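User: I have a new model open and would like to talk through its helices and contacts with you. Could you take me through it piece by piece?

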Amino acid sequence: MENQTNKKGTLVAIITMMFLFAMIAFVTNMAAPFGTIWKQHYEWAGMMGNMMNFLAYLFMGIPAGLMISKYGYKKTALVALALGLVGIGIQFCSSAMDGNAIITYIVYLLGAFVCGFCVCILNTVVNPMLNLLGGGGNRGNQLIQTGGSLNSLAATLTPMFAGSLIGEITKDTSLNAVRPLLLIALIIFAVSFVIVWFTQLTEPETEKTDVLGGVKEALHYRQLKLGIIAIFFYVGIEVGIPGQLLFYLSEPVANGGVLGSAATAGLIAGVYWMLMLVGRFVSAFISGKVSSRMQLTVTSAVALLLLLVAIFMPETCKMSLSIPNLAESTFDHVEVPTKVLFIILCGICTSVMWGVIFNLATEGLGKYTATASGLFMTMVVGGGVMPFIQNLMATKVGDIQSYWIIVGMLAYMLFYALIGSHPSKKA
C-alpha cells in the first residue's frame, strides 16, 4: 500500500512539473512578439524585453538553487508563481498606459524583469526534479524531454496568438493590442498557484550542502563548467533563431521587409516551436536508448549545416506558402525566401539540446545537483544577451548575416558533445 502511495505521489509530482514546464515557455515567448511593437518606436528596443526576461537569471540562478535546498521544490515553485503573477500584472498595467511613451516601455521592461525571476526559479525547480524523479541518466533525460514537449507546445501557440492580436504593425500599434493575452496569463498564474498550493508533491531526496562550499565543489566538475557555457550559448541559439526570424519577416515592406505583418510572421516563426515540440516528443521515446551525447552531436552538426545553407542561399530563391488568416478564417498566400524553411527546420535540432546538456553537465554530481542547477540557471542569461547582440548585429549587417553568431555558438555545442561533456573532476 505504501509503495502504491509513493508511486501515486511521484506521478502527481511529474504531472505538476510538466505543467510548470509549459508555463515557462508561455511567459518567455511573449517577449519577441511584443518586441515587434516596440521596434517600430525605438529601433534598439526589439529584444530588450527578452533581454530583461533573461537578465533575471543572472541574479536569481544560484539563489533559486539554494531555495530548493532550504525550502524544497514545492515552496520554491509557489514563490515563482507569485512572482509571475506580479510580473504579468505590471505588464498588464503598462498596456493600459499611454500607448508608446517611454515611461510605458520602462514599466513594461520592469514587468518582463520580474517575470524573468519567475521563469528562472521554475526552470531551477522543474529540470532537476524531473531528472531526479526519473533516476537520472537516460530515464531522467526522457522525463525532461517529455516536459519539454509541453514547453514547446506553449512556445508554439504563444507567438501565434500574440501575432494574431497585433496584426499589421504601424506606428500606432501599442501593447493595448495584446491586453487579452496578458489577462489570460494573469488568470493562468492565479489558477496555477492555487493548484500547486493544494497538490501533495512527493519530492526527491536532496542532501543539504554548504552554500559556498557547494558552489565551489560543483565547479570542480569539468563537465559542469563547460556545460554552463554550453547552456549560455544554447539558450541564445534557441531564442535567437526564431526571434530574429520574426523581425526579418515582420519588417514593413515599405522599409524593405519581407511581409510587414506580425500575425503572418508569428505563424511562420511559430512553426519553429512546433518542430521543437515534434523533436522533443520523439526524443522522449528514444532517450531511453540513444545517449544524450549522441543526440547532442547529431543535432549540433545538422543545425550547423541548415544555417550555413540558409546564409548562403540567394534571397531570390523563394517559395509560396498558404498561411491561415485567423481574423478572417481564410488563407493568405505569401511568398517568402526559401532560406526561411532551413532556419525553421533548426527547431528539430534545438528541441533536444536543453535536456541533453543538463543531463550531461550534471551527470555524477550527486548531492551537488541542486547547486549545479542554480549555476546552470544563472547562465541562461545567454538567452537575453546573445539574441540582443544578434539583433544589434542585424542592424549593421542584415538579419540573415546576423546568423553567423548562431553558427559560432553551434560550433561550441558540437565541441561540448564530442569532447567537453565527458565526466571529469579536477581536484
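Analyst: What follows goes through several helices, a loop and a surface patch of this model, which is a predicted one.

User: Let's begin with α7. How far apart are its end C-alpha atoms, and what span should its residues give?

Analyst: Helix α7 covers residues 179–198, and its 20 residues at 1.5 Å a residue should span 28 Å, which agrees with the 29 Å that separates its end C-alpha atoms.

User: Which residues of α7 are buried?

Analyst: The buried residues in α7 are L181, L182, A185, L186, F189, S192 and V196. Looking down the axis of α7, these buried residues fall within an arc of 145 degrees, so they line one face of the helix.

User: Why would residues three or four places apart point the same way?

Analyst: An α-helix has 3.6 residues a turn, so residues at that spacing point the same way.

User: And V194, is that buried or exposed?

Analyst: Neither label fits, because V194 has a relative accessible area of 44% and is therefore partly exposed, the cut-offs being under 20% for buried and over 50% for exposed. V194 belongs to helix α7, and its C-alpha atom is separated by 9.7 Å from that of L81, although the two are 113 residues apart along the chain.

User: Switching to α13, how many of its residues are buried?

Analyst: Nine of the nine residues in α13 are buried, so the helix is mostly covered. They are M353, W354, G355, V356, I357, F358, N359, L360 and A361.

User: What does the side chain of N359 make a polar contact with?

Analyst: The side chain of N359 is joined to that of S292 by a polar contact of 3.1 Å. N359 lies in helix α13 and counts as buried at 3% relative accessibility, while S292 is among the buried residues of α11.

User: Then what about α11 itself, how far does it reach?

Analyst: Helix α11, residues 292–312, has 21 residues and reaches 31 Å from its first C-alpha to its last, close to the 30 Å expected at 1.5 Å a residue. Its buried residues include Q295, L296, T299, A303, L307 and I311.

User: Where is S351, and what does its side chain reach?

Analyst: S351 sits in the loop between α12 (339–350) and α13 (353–361), where its side chain reaches the backbone oxygen of I348 at 2.5 Å. S351 counts as buried, with 1% relative accessibility.

User: Now some pairs that are apart in sequence. What is the C-alpha separation of L66 and V215?

Analyst: L66 and V215 are 10.0 Å apart in space, C-alpha to C-alpha, with their positions 149 residues apart in sequence. L66 is in helix α3, residues 48–71, and counts as partly exposed at 26% relative accessibility.

User: And K216 with Y368?

Analyst: K216 and Y368 are 152 residues apart in sequence and 10.0 Å apart in space, again C-alpha to C-alpha. K216 is placed in helix α8, residues 211–218, and counts as exposed at 59% relative accessibility.

User: One last thing: which residues make the nonpolar surface patch?

Analyst: That patch, of about 460 Å², is made by V278, F281, V282, F285 and I286. V278 is located in helix α10, residues 262–286, and is partly exposed, with a relative accessible area of 42%.

How values were computed:
Residues numbered from 1 in each chain as written. Predicted model: local features only at pLDDT ≥ 70, side-chain atom pairs only at ≥ 80, totals over all residues. Heavy atoms only, no water. Patch = residues over 30% accessible without salt bridge, like charges linked within 9 Å, V, L, I, M, F, W, Y side chains within 5 Å. Areas by Shrake-Rupley, 256 points an atom, 1.4 Å probe, with all protein chains shown as cover. Salt bridge = Lys/Arg side-chain N within 4 Å of Asp/Glu carboxyl O. Helix = DSSP H or I, 4+ residues; strand = E, 2+ residues; numbered from the N terminus. Buried < 20%, exposed > 50% of the residue type's maximum accessible area, 1.4 Å probe, protein only. Expected span 1.5 Å × (residues − 1). Arc of directions from axis to C-beta. Polar contact = N/O pair within 3.5 Å; in protein donor to acceptor, adjacent residues only side chain to side chain.
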